[in-house]
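Here is a short tour for anyone who likes to look at side chains and their surroundings. Please keep the viewer open as you read.

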Amino acid sequence: MVKLNKIYTRTGDKGDTGLVGGSRRAKYDLRVEAFGTVDEANSAIGLARLHATGEQDLMLKRIQHDLFDLGADLATPYGKGADKALRIIDSQVKRLENEIDQMNANLKPLSSFVLPGGSPASAYLHLARTVTRRAERIVCALAVAEKINPVTIKYLNRLSDFLFVLARITNNNGEKDVLWEPGVNR
């Protein structure tokens, strides 16, 4: 369990930060950028939760916990002691897939891309989706540079799909979706 007695430590005042296991990296390091962007996605989901109720709120809360797990995973490089690290696992990805399938079963197929908006909840979910996509791109770049848990990429990919489908659900099951009209302003 994490225990935070003191919020500022001054250990990062020279531009580096600690990883799980004690090693330090520059704050602009790709690994730090990856878990920092996952944290940003989590914050965007927190905004979406302000407009969520019932099962939708519970699903988003579970995802926020998953994203802290994923951040811990990314903050723990492979190496000595990493075998005991908290890692994202396939069952977390599978849960997202099952929820996507259940939600998507009641939606009409799309005839165009969806513009972010329609309702406040949907707009915040689209914001969370785009930040999640950015996190995914950064984690993919990190995977080229060093070893990571490959399930983190799967999870982020599925999460962006989940957030898209939930955004449609919150838009009155897609009825309030704002569809892209190619070239409408030409």
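## Charges over a ring

A charge sits over a ring if NZ of Lys or CZ of Arg is within 6 Å of the ring centre and within 35 degrees of the ring normal. With that in mind, turn to Tyr 78 in this predicted model. The charged end of Lys 147 sits over the ring of Tyr 78, at 4.4 Å from the ring centre. Arg 87 also has its charged end over the ring of Tyr 78, here 4.1 Å from the centre.

## Overall layout

Let us step back to the whole chain. The protein contains five helices and four strands, and from the N terminus on these elements follow the order β-β-α-α-α-β-α-α-β. Of its 186 residues, 41% count as buried. The accessible surface comes to about 10900 Å², and carbon and sulfur atoms hold 55% of that area.

How do the contacts spread along the sequence? Taking contacts between residues at least 6 apart in sequence, 71% join residues at least 24 apart.

## The aromatic pair

Searching the whole structure for aromatic pairs turns up one. Its partners are Phe 113 and Trp 180, with 5.8 Å from centre to centre and 45° between the planes, a tilted arrangement. The pair links distant parts of the chain, 67 residues apart: Phe 113 belongs to the loop between helix H3 (90-104) and strand S3 (114-115), while Trp 180 is in the segment after strand S4 (178-179).

Are these two rings' residues buried or exposed? Phe 113 has a relative accessible area of 61%, so it counts as exposed. Trp 180 has 40%, and is therefore partly exposed.

## Helix H1 and its start

Helix H1 covers residues 30-49, and its length can be checked with simple arithmetic: at 1.5 Å a residue, its 20 residues should span 28 Å, and the end C-alpha atoms are 29 Å apart, which agrees. At the N-terminal end, Asp 29 acts as a cap, with a side-chain oxygen 2.8 Å from the backbone nitrogen of Arg 31. Arg 31 is itself one of the buried residues of H1, a list that also includes Val 32, Phe 35, Asn 42 and Ile 45.

Just ahead of this helix, Lys 27 lies in the loop between strand S2 (24-26) and H1. Lys 27 is partly exposed because its relative accessibility is 44%. In space, the C-alpha of Lys 27 is 6.0 Å from that of Thr 17, a residue ten places away in sequence.

## Helix H5 and the loop after it

Thr 152 is part of helix H5 (residues 151-170). Its relative accessibility is 0%, so Thr 152 counts as buried. What surrounds Thr 152, apart from its neighbours within four places in sequence? The residues in contact with Thr 152 are Leu 70, Asp 73, Leu 74 and Val 139.

The loop between H5 and S4 holds Asn 172 and also Asn 173. Their backbone angles deserve a look, because most residues other than glycine have a negative phi. Asn 172 has a positive phi, near 55°, and Asn 173 is likewise positive at about 55°. Asn 172 is partly exposed, given its relative accessible area of 45%, and Asn 173 is partly exposed at 37%.

Definitions and conventions
Residues numbered from 1 in each chain as written. Predicted model: local features only at pLDDT ≥ 70, side-chain atom pairs only at ≥ 80, totals over all residues. Heavy atoms only, no water. Phe/Tyr/Trp six-rings, centres within 6.5 Å; stacked < 30°, edge-to-face > 60°. Helix = DSSP H or I, 4+ residues; strand = E, 2+ residues; numbered from the N terminus. Buried < 20%, exposed > 50% of the residue type's maximum accessible area, 1.4 Å probe, protein only. Contact = heavy atoms within 4.5 Å. Areas by Shrake-Rupley, 256 points an atom, 1.4 Å probe, with all protein chains shown as cover. Expected span 1.5 Å × (residues − 1). Polar contact = N/O pair within 3.5 Å; in protein donor to acceptor, adjacent residues only side chain to side chain.
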